[in-house]
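Work through the following exercises with the sequence and the model at hand. Each task is followed by a solution in steps.

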Amino acid sequence: MIASTAQRAPARLALTAVCLGFLMITLDATIVNLALPAIGAEFGEASTAALQWVVDSYTVALAAFLLTWGAAGDRWGARRVFEAGTAVFVLASLACATAGSLPWLVTARAVQGVGAAALLPSSLALIVHRFPDAGARARALGVWGGMSGAGLAAGPVLGGLAVGLADWRLVFAVNVPVGLVTLVLTRRCVTETPLRERTRLDLAGQVLGTAALACVVAGLIEAGHAGWTDATALGLLGTGVAAGLGFAAAERTVSAPVLPPGVLKVRDFAAATLIGGLFNFCLYGTLFCLALFLQRVWRLDALAAGLLLVPLTLVVGVNAFFSGRLTHRFGARGPIVAGGLLALAGSVGLALLPSGRAPVLLIACSVVFGCCSLAMPAMTSVAMTALPGAAGLAAGVLNAVRQTGGAVGVALVGGLLPGTAMWVVAGGGAGMVVLAGALRRAR
């Protein structure tokens with residue numbers, strides 16, 4: 001009965017359900033940034049390193065479990081995985097909203113990331129299944145990308161509003177009603193994807209991959225806090241590298257690797273995923289850096305800082321939405337190159353901002369930077385079409401690399417002076433342009 005009802009439901013309602021779930025997880029990647037000083041004040045912890053973990057515990061868990069959940073969606077059905085991820089995300093959001101200590105909050109954020117990891121690849125797989133026509137799929141991915149941009153864009157603003165008008169806990173509590181609506185719509189309007197029962201889960205790969213990512217991010221955070229010669233930082237980075245080498249070796253020996261070695265030999269897919277990693281590196285790193293810069297250097301309150309970021313976040317959402325149509329009409333290479341160049345130009349401008357308040361300059365440079373979102377639906381479209389017949393795997397790998405880039409961006413940029421941090425981001429924009437040249441089927 002449920003399956004029959006979902007099959008008769010309009011495609012736009014199915015897309016709405018999927019995009020609402022995706023909106024939640026992208027919103028939570030950035031909504032906490034402007035709440036960080038308030039969180040630190042409540043729990044008596046003001047160090048940047050501790051606050052970085054409030055952001056990165058979520059992003060690391062999201063990146064680490066994406067590949068496993070992508071494979072699980074192929075085996076058990078993307079809709080089942082999407083529903084499970086939504087339920088976990090809602091419960092973890094309640095735990096975040098009621099956190100009594102910073103370790104509790106960081107742990108709950110990590111559980112949120114696990115739920116988000118189930119939502120993200122399954123949302124893409126459901127779109128690919130529901131829109132088999134290439135043109136309709138490109139437009140649907142444009143809407144999906146626009147919702148992603150809207151979540152990333154609205155995050156700092158809503159975070160600032162929550163802190164300024166109510167309490168930081170509201171940034172997590174808002175997920176509960178949205179998640180419940182998502183579950184109802186998914187149950188009634190979204191059809192299940194075909195099952196690939198031979199797909200197996202790679203436990204060794206999951207453990208080693210998670211350890212590698214967590215240790216590298218922890219090492220970067222510690223190095224930014226204590227220096228690059230600090231023994232703890234070097235030990236964490238060394239452990240991360242060793243776990244990464246173990247992960248690469250394990251993937252060549254297990255029967256069903258979480259990251260099949262041959263996947264990254266597909267040129268367009270490899271280039272698109274690396275572009276995605278650099279995109280998130282630039283965007284997440286910049287939003288984290290600006291949120292602290294505006295409150296700690298310019299001494300603005302959370303609400304004022306959030307309002308100053310409105311132009312940037314608005315441009316991110318609008319450009320991400322229209323990029324899907326541009327990609328369908330002109331190909332992916334143009335939007336990716338444009339996004340990379342504008343990220344480069346905007347971050348250079350932000351790097352040169354004076355320490356004294358200059359809101360007009362900040363807005364102008366941040367608007368230019370925000371146009372980097374032109375690249376998001378374009379590189380997603382390339383990646384999802386480069387691996388036909390493996391939508392869950394493609395979505396999992398693509399978004400694992402993207403979230404890894406975001407986690408590394410926050411970890412690396414958070415330990416640098418604002419000006420230096422934005423020069424590093426500029427390098428990420430240049431890398432996107434270079435990689436766009438490696439795409440073969442992007443016109």
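**Exercise 1. Place Leu161 in its helix and say what surface group it belongs to.**

Step 1. Leu161 sits in helix H7, which covers residues 134-165. The model is a predicted one.

Step 2. The relative accessible area of Leu161 is 31%, so this residue is partly exposed. The cut-offs behind that word are under 20% for buried and over 50% for exposed.

Step 3. Together with Leu158 and Leu165, Leu161 makes up a nonpolar patch on the surface, and the three have about 270 Å² of accessible area together.

Step 4. The spacing can be read against a general rule. An α-helix has 3.6 residues a turn, so residues three or four places apart point the same way.

**Exercise 2. Determine how the radius of gyration of the chain stands against that of a compact globule.**

Step 1. The chain has 443 residues, for which a compact globule would have a radius of gyration near 22 Å.

Step 2. The value for the chain is 20 Å, which agrees.

Step 3. Along the principal axes, the C-alpha atoms fit a box of roughly 60 × 45 × 45 Å.

Step 4. Of the 443 residues, 58% are buried. Contacts between residues at least 6 apart in sequence join residues at least 24 apart in 85% of cases.

Step 5. The accessible surface of the chain is about 16500 Å², and carbon and sulfur atoms account for 69% of it. The secondary structure consists of 19 helices and zero strands.

**Exercise 3. Check the lengths of helices H10 and H9 against the rise of 1.5 Å a residue.**

Step 1. H10 runs over residues 203-226, which is 24 residues, and should span 34 Å. The C-alpha atoms at its ends are 34 Å apart, so the expected and actual spans agree.

Step 2. Buried residues of H10 include Gly205, Gly209, Ala212, Cys215 and Gly219. Just after this helix, Gly227 has a positive phi of about 105°.

Step 3. H9 has 15 residues (175-189), and the distance from its first C-alpha to its last is 21 Å, close to the expected 21 Å. Among its buried residues are Asn175, Gly179, Thr182 and Thr186.

**Exercise 4. Find which residues Gln403 and Thr273 touch beyond their sequence neighbours.**

Step 1. Gln403 belongs to helix H18 (residues 391-413). Its relative accessible area is 4%, so Gln403 is buried.

Step 2. With neighbours within four places in sequence left out, the contacts of Gln403 are Thr59, Leu62, Ala63, Leu66, Leu120, Asn280 and Tyr284.

Step 3. Thr273 is part of helix H12 (residues 267-297), and at 2% relative accessibility Thr273 is buried too.

Step 4. Residues up to four places away aside, Thr273 is in contact with Val397, Leu398 and Val401.

**Exercise 5. Describe the salt bridges of Glu42 and Arg187.**

Step 1. The whole structure holds six salt bridges. Side chains of opposite charge can pair when their charged atoms come close.

Step 2. Glu42 pairs with Arg169, with 2.6 Å between the closest N and O atoms. Because Glu42 is in helix H3 (residues 36-43) and Arg169 is in the loop between H7 and helix H8 (170-173), this bridge ties together parts 127 residues apart in sequence.

Step 3. Arg169 also forms a salt bridge with Asp167, at 4.0 Å from N to O. Glu42, Asp167 and Arg169 are thus linked in a network. Glu42 is partly exposed at 40% relative accessible area, as is Asp167 at 31%.

Step 4. Arg187 and Glu83 meet in a salt bridge at 3.2 Å, N to O. This pair links distant parts of the chain, with Arg187 in helix H9 and Glu83 in helix H5 (residues 78-97), 104 residues apart.

Step 5. Arg187 is partly exposed at 38% relative accessibility, whereas Glu83 is buried at 13%.

**Exercise 6. Is Arg299 buried or exposed?**

Step 1. Arg299 lies in the loop between H12 and helix H13 (302-308).

Step 2. Its relative accessibility is 66%, so Arg299 counts as exposed.

Step 3. Arg299 has a positive phi of about 60°, although this residue is not a glycine.

Key: Residues numbered from 1 in each chain as written. Predicted model: local features only at pLDDT ≥ 70, side-chain atom pairs only at ≥ 80, totals over all residues. Heavy atoms only, no water. Patch = residues over 30% accessible without salt bridge, like charges linked within 9 Å, V, L, I, M, F, W, Y side chains within 5 Å. Areas by Shrake-Rupley, 256 points an atom, 1.4 Å probe, with all protein chains shown as cover. Salt bridge = Lys/Arg side-chain N within 4 Å of Asp/Glu carboxyl O. Helix = DSSP H or I, 4+ residues; strand = E, 2+ residues; numbered from the N terminus. Buried < 20%, exposed > 50% of the residue type's maximum accessible area, 1.4 Å probe, protein only. Rg over C-alpha atoms; globule rule 2.2 N^0.38 Å. Contact = heavy atoms within 4.5 Å. Expected span 1.5 Å × (residues − 1).
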